[in-house]
Amino acid sequence: MLPIKQLKEVLAQPQKIVITTHHKPDGDAMGSSLGLYNYLIQKGHHVQVITPTDYPIFLHWLPNNGEVIIYTEQLENAQKLIAAADLIFCLDFNSLSRINEMGEWVAQSNAKKVMIDHHLEPDDFDDYRLWSVKACATAQLIYEFIVNEMEEPELLTKEVANCLYTGIMTDSGSFKFSNTTAEVHQIVANLIQKGAENHRIHQLVYDNSSENRLRFLGYCLSNRLEVFKEFNTAMISVPQSDLEKFNIETGDTEGLVNYALSINGIRLAALIIERPDRVKLSLRSTGDFPANEICKKYFNGGGHRNAAGGASDESFDEVVNQFKNLLPIYKTLLLQ
Ligand code: 5GP
Ligand code: MN
């Protein structure tokens, strides 16, 4: 592994750069990717953001979103760019399995790989690394990369600031999670000084639902929410037929799990969704309860202690039962 600071010299010359992030990118994934993109293009590099899959419409306003390539929609072009790159930035993930088939192309490319990430237990596929589980968002690390490592705070333009603000806002639960330190608020204050439009960004990301999405939320809370008081746990389970009935699109289920966690006394919340290809599980917890341990042990996934996810090839009903059957095993921790 090379010190990340050495990239300063590398980036002094024009490079062919690919930026990628995890599949089904969220606000931090896209805010980090386009934040870094808008920084790097000012330095004369050839930069391409490639996402493994599509992502929610409420992120499409991000500056230079129009330049993003979606791997599944432009296979050949994306593969060529990855193979020809000098540098590949891997943002907001630390295992190539998180970028699906694209991971094989990234692994095979002769490009130097740069991991900038805040998830636990990184795999070893990178040449340069800026990694901290203490960071509330990868966008926070991109800020530190530009300001502290590359020492170019003057390149934090309004476009970069808007992107990084979005990443920090979404991954910190609008500045409410426990890793939202004084330093994070200082970074955010700097971003606002640099032109980040905080009020506008909150509206664009959070007050931008379709009527359908809101009715789906109401439906899920009325019909699909189960509360297991004896385990301080709440679960929302959504079969595929509901997704079809409400015409649910990428991003429409984002944040749903947090409603289950917002019930008074709830320590563990689950959202289980029957997707066409597999059953997806999202867990959220409070305090020391290790949501990531459940995802890793039982659902081929992982994540942070309080926000984790996984997936299963079992049937929807089986996954729901599997989750319910885990609750007695974790009872002591759940009742702490
Ligand atoms: P979400 O529930 O929003 O899909 O994901 C929450 C967090 O869990 C993500 O930030 C990511 O860290 C983690 N996560 C979600 N799905 C997976 C998965 O399939 N594998 C791994 N390793 N982590 C996941
Ligand atoms: Mn993140």
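Buried area is the accessible area, found with a 1.4 Å probe, that two parts lose on being put together, summed over both. Keep that in mind as you work through this predicted model.

**Exercise 1. Find the two domains and say how far apart their centres lie.**

Solution. Start with the split along the chain: domain 1 runs over 4-206 and domain 2 over 211-334. Next, take the centre of each domain over its C-alpha atoms; the two centres are separated by 27 Å. Now look at who takes part in the contact: domain 1 brings 12 residues and domain 2 brings 10 residues.

**Exercise 2. Work out how much area is buried between domain 1 and domain 2, and which three residues of domain 1 supply the most.**

Solution. First, the total: about 820 Å² is buried between the two domains. Then ask what kind of atoms give it; carbon and sulfur atoms account for 53%. Finally, zoom in on the domain 1 side. Pro56, Phe58 and Leu120 supply 37% of what domain 1 buries against domain 2, and no other three residues supply more.

**Exercise 3. Track down the salt bridge and the polar contacts between domain 1 and domain 2.**

Solution. Count the salt bridges between the domains: there's one. For a pair to qualify, a side-chain nitrogen of Lys or Arg has to be within 4 Å of a carboxyl oxygen of Asp or Glu. Try Lys296 and Glu121: their closest N and O atoms are 2.6 Å apart, and they do form a salt bridge. Polar contacts come next, with four residue pairs counted between the domains. To round this off, sort the domain 1 residues that touch domain 2 by class: five are nonpolar, three polar and four charged.

**Exercise 4. Describe the surroundings of ligand 1.**

Solution. Begin with the neighbours. Ligand 1 has 13 residues around it, and the closest are His119, Lys280, Ser282, Arg284 and Ala308. Now check the polar atoms one by one:

- The side chain of Ser282 has an N or O atom 2.6 Å from an oxygen atom of ligand 1.
- For the side chain of Arg284, the distance from an N or O atom to an oxygen atom of ligand 1 is 2.9 Å.
- Gly302 uses its backbone: a polar atom there is 3.2 Å from a nitrogen atom of ligand 1.

Last step, the cover: ligand 1 exposes 490 Å² when taken alone, and the protein buries 76% of that.

Key:
Residues are numbered from 1 along each chain as its sequence is written. Chains are lettered from A and ligands numbered from 1 in the order in which they are written. This is a predicted model: local features need pLDDT of at least 70, side-chain atom pairs count only at pLDDT 80 or more; totals for chains, interfaces and linings use all residues. Side-chain values use heavy atoms; hydrogens and water are left out. Domain bounds come from an automatic or database domain assignment. Contact means heavy atoms within 4.5 Å. A polar contact is a pair of N or O atoms within 3.5 Å; within protein, one must be able to donate a hydrogen and the other to accept it, and residues adjacent in sequence count only if both atoms are side-chain atoms. Ala, Val, Leu, Ile, Met, Phe, Trp, Tyr, Cys and Pro count as nonpolar, Asp, Glu, Lys and Arg as charged, and the others, Gly among them, as polar. A residue is near a molecule or strand if one of its heavy atoms lies within 4 Å of it. Accessible areas come from the Shrake-Rupley method with a 1.4 Å probe; for residues, only the protein chains shown count as cover.
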